[in-house]
Amino acid sequence: MTAGPGRSGESDGAWPDGRPPRRWDLCNGDADGLCALHQWRLSHPGPAVTLTGLKRDIELLRHVPDGAADEVNVFDLSMRRNRTDLLRLLADGAQVRWFDHHAAPPLPGSPRLEVHLDDDPRTCTSLLVDRALGGAHRGWALVGAYGDGLGEPADVLAAASGYDATQRAALRRLGEAMNYNAYGERESDVVVAPARLLDRLTGAADPLRFADGAPEVDAIERRRRHDLARVAGLAPYRRGARACVWMLPDAPWSRRVIGPLATALTSGTA
């Protein structure tokens with residue numbers, strides 16, 4: 001069972017008059033989702049209720065109550081999985097802005113819905129936000145792209161943006177760590193809850209400076225290396241002519257490593 005979403009702290013100081021803001025920002029808790037939302041907050045600061053969760057916490061719009069929002073910004077969440085609540089919020093009068101790189105259902109015909117959707121496999125939500133903001137926070141867009149496994153497109157864009165090889169490696173390390181931290185079934189599976197990590201990003205304009213002063217990144221990287229070393233010692237439970245079956249124990253490290261293991265198996269590097 002998946003843990004519920006985490007509510008991040010106020011993105012811009014105390015709520016005015018002690019009342020909750022009418023803006024809600026929602027994102028996936030992986031590197032792409034967090035970096036997409038973070039770019040938006042840097043360019044559009046202001047009071048907001050922020051919701052995120054673990055990698056598979058997708059249906060976040062259901063946590064926005066009726067009548068609670070005038071503005072809803074969504075990053076890296078499946079519109080298909082949230083369609084019912086999207087229609088509910090639009091009918092309730094909310095303005096909804098949606099950034100995502102996954103296939104979408106037919107779009108609701110509402111003037112209150114603004115969409116930035118592109119399912120090109122060489123893009124991600126962080127790059128879509130980067131496009132909308134004219135590259136205002138390019139470093140964080142690259143962190144999200146590296147974390148989402150877009151190493152080649154990210155390298156090309158980073159080099160064109162003036163990042164040298166050492167800096168590109170640091171951005172990649174940060175993105176991969178943030179992405180790995182999103183895998184788990186409950187918050188106790190991960191080093192730091194995505195909502196807390198998002199809070200740590202608040203106001204951080206330069207990802208390279210952030211990475212230098214973020215002990216969480218080192219902790220996640222150590223955990224990642226340790227988990228991957230365990231996988232290296234496993235053999236397929238069953239091997240056939242066209243498929244293999246892998247059986248992992250019911251343990252936190254298995255729940256964390258399942259994403260990178262699936263990627264390695266798909267790419268043939270496992």
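Arg255 is found in helix α10, which spans residues 252-267, and in this predicted model the residue is buried, its relative accessible area of 12% falling under the 20% limit that the term requires. Once its neighbours within four places in sequence are left aside, Arg255 is in contact with Tyr183, Gly184, Glu185, Arg186, Asp189 and Asp250.

A residue with another degree of exposure is His44, which lies in the loop between α1 and β3, the latter being residues 49-52. With a relative accessible area of 32%, His44 is partly exposed, and, leaving aside its neighbours within four places in sequence, it is in contact with Arg23 and Leu133.

From these single residues we can turn to a whole element, helix α3, which covers residues 125-132. Because 6 of its 8 residues are buried, α3 is largely enclosed by the rest of the structure. The buried residues in question are Thr125, Ser126, Leu127, Leu128, Val129 and Asp130, and they pack against a set of helices and strands made up of α1 (31-43), β4, β5, β6 (113-117), α4 and α5. Just after α3, Gly134 takes a positive phi of about 65 degrees.

Two of the strands against which the buried residues of α3 pack, β4 and β5, are also paired with each other: β4 (residues 71-75) and β5 run in the parallel sense, joined over 5 bridges. In this pairing Phe75 stands opposite Phe99 in β5. Strand β5 itself, residues 95-100, is mostly covered, with 5 of its 6 residues buried.

The helices α4 and α5, which likewise pack against the buried residues of α3, form a contact of their own. Helix α4 (residues 138-147) and helix α5 (residues 151-160) pack at an angle of about 160 degrees, and their axes are 8 Å apart. Since angles over 145 degrees count as roughly antiparallel, α4 and α5 are therefore roughly antiparallel to each other, and α4 passes α5 in a left-handed crossing. On the α4 side the contact is made by Arg138, Leu142, Ala145 and Tyr146, and on the α5 side by Gly151, Ala154, Asp155, Leu157 and Ala158. Sorted by character, the residues of this contact of α4 with α5 divide into 6 nonpolar, 1 polar and 2 charged.

How values were computed: Residues numbered from 1 in each chain as written. Predicted model: local features only at pLDDT ≥ 70, side-chain atom pairs only at ≥ 80, totals over all residues. Heavy atoms only, no water. Axes fitted to C-alpha atoms, helices over the stretch in contact; angles between N-to-C directions. Helix = DSSP H or I, 4+ residues; strand = E, 2+ residues; numbered from the N terminus. Parallel < 35°, antiparallel > 145°, perpendicular 65-115°, else oblique. Left-handed = near helix turned anticlockwise from the far one by under 90°. Contact = heavy atoms within 4.5 Å. Nonpolar A, V, L, I, M, F, W, Y, C, P; charged D, E, K, R; others polar. Buried < 20%, exposed > 50% of the residue type's maximum accessible area, 1.4 Å probe, protein only. Pairing = 2+ DSSP bridges.
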